Amino acid sequence: MPPIPGSGLAKGLAVTLRTMTKRTVTAQYPDVQPELPPRTRGVIGLFEENCTVCMLCARECPDWCIYIDSHKETVPPAAPGGRERSRNVLDRFAIDFALCMYCGICIEVCPFDALFWSPEFEYAETDIHELTHERDKLREWMWTVPEPPALDPGAEEPKEIAAARKAADKLQAQEAQAAQEAQAAQKAEQARPGQSPDEEGQE
């Protein structure tokens with residue numbers, strides 16, 4: 001059956017009329033900041049106190065956009081007679097966001113929780129070379145990282161917390177047992193019949 005002449009125009013006008021009666025959803029950016037989801041991948045923040053310069057993030061990055069420099073320092077012994085140790089000190093930590101594809105592998109493989117996703121997205125530059133941000137800027141973004149969402153009430157307790165709680169309960173039980181044994185020994189000592197001073201001298 002051939003289409004009725006003017007049916008396409010009627011459908012278009014119907015869509016226009018329906019849209020005219022709806023509330024506008026235009027985001028007034030930049031005057032009004034958007035409400036981003038909690039798991040937004042904006043930029044990567046660095047908590048350098050946790051960084052041990054293990055280089056895992058740089059090695060696992062598929063784009064090779066993470067640049068790390070460090071040097072070794074000698075740490076004096078913690079106790080007299082101990083041995084000196086050496087530790088890595090972070091000199092440079094930079095990410096080239098012109099190369100980064102926001103895969104999040106560096107954040108996932110970091111064993112010491114030094115990298116986090118920040119929802120910040122306003123970091124455009126006029127020169128592509130300025131998209132390589134050093135650790136000072138990455139540290140500023142660290143303070144914009146939102147708190148992790150609360151666990152589901154029915155979820156299992158994290159393994160780290162469960163292990164720490166188990167160790168604390170075990171230590172507490174040992175301390176309680178030692179206190180009970182000491183109390184029992186003290187009661188037994190008090191219950192023992194006393195000796196007179198003359199008997200003690202004869203012994």
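Begin by selecting F97, Y102, W117, Y123 and W141, which together form one aromatic cluster in what is, throughout this tour, a predicted model.

Stay with the aromatic side chains for a moment, since the count of aromatic pairs in this structure comes to seven. One of them joins Y29 and F121 in a tilted arrangement, with 6.0 Å from centre to centre and 40 degrees between the planes. Y29 sits in the loop between α1 and β1 while F121 sits in the loop between β4 and β5, so the pair ties together parts that are 92 residues apart in sequence. Y29 counts as partly exposed at 41% relative accessibility, and F121 likewise counts as partly exposed at 36%.

Return now to two members of the cluster, Y123 and W141, which form an edge-to-face pair whose centres are 5.8 Å apart and whose planes stand at 65 degrees. This pair, too, links distant parts of the chain, because Y123 belongs to the loop between β4 and β5 and W141 to helix α4 (residues 135–142), 18 residues apart. Y123 counts as buried at 15% relative accessibility, and W141 counts as buried at 6%.

Before leaving the rings, add L36 to Y29 and F121 and switch on the surface: these three residues make a nonpolar patch of about 270 Å².

Next, select S118, which lies in strand β4 (residues 115–118). Is this serine buried or exposed? With a relative accessible area of 0%, S118 is buried. Its side chain makes a polar contact of 2.5 Å with the side chain of T144. If neighbours within four places in sequence are left aside, S118 is in contact with T40, R41, G42, V43, W141, T144 and V145, a list in which W141 of the aromatic cluster appears again.

A second serine can be set beside this one. S70 lies in strand β2 (residues 66–75) and is partly exposed, with a relative accessible area of 35%. Its contacts, again without the neighbours within four places in sequence, are V53, V89, L90 and D91. To follow the chain onward from here, draw a distance from S70 to G81: the two residues are 11 apart along the chain, and their C-alpha atoms are separated by 28 Å.

The last stop concerns charged side chains, of which the structure holds six salt bridges. Select E48 and R135, whose closest N and O atoms are 3.5 Å apart in a salt bridge. Because E48 lies in the loop between β1 and α2 and R135 in helix α4, this bridge ties together parts that are 87 residues apart in sequence. E48 is partly exposed at 23% relative accessibility, and R135 is partly exposed at 24%.

Then add R139, which forms a salt bridge with E48 as well, the closest N and O atoms being 3.9 Å apart. Here the link runs from helix α4 to the loop between β1 and α2, across 91 residues, and R139 counts as partly exposed at 22% relative accessibility. With E49 included in the selection, the four residues E48, E49, R135 and R139 can be viewed as a network linked by salt bridges.

Finish within helix α4, where the side chains of E140 and K137 meet in a salt bridge of 3.7 Å from N to O. These two residues are three apart in the helix and therefore separated by about one helical turn. E140 counts as partly exposed at 48% relative accessibility, as does K137 at 33%.

Methods
Residues numbered from 1 in each chain as written. Predicted model: local features only at pLDDT ≥ 70, side-chain atom pairs only at ≥ 80, totals over all residues. Heavy atoms only, no water. Helix = DSSP H or I, 4+ residues; strand = E, 2+ residues; numbered from the N terminus. Buried < 20%, exposed > 50% of the residue type's maximum accessible area, 1.4 Å probe, protein only. Polar contact = N/O pair within 3.5 Å; in protein donor to acceptor, adjacent residues only side chain to side chain. Contact = heavy atoms within 4.5 Å. Patch = residues over 30% accessible without salt bridge, like charges linked within 9 Å, V, L, I, M, F, W, Y side chains within 5 Å. Areas by Shrake-Rupley, 256 points an atom, 1.4 Å probe, with all protein chains shown as cover. Phe/Tyr/Trp six-rings, centres within 6.5 Å; stacked < 30°, edge-to-face > 60°.
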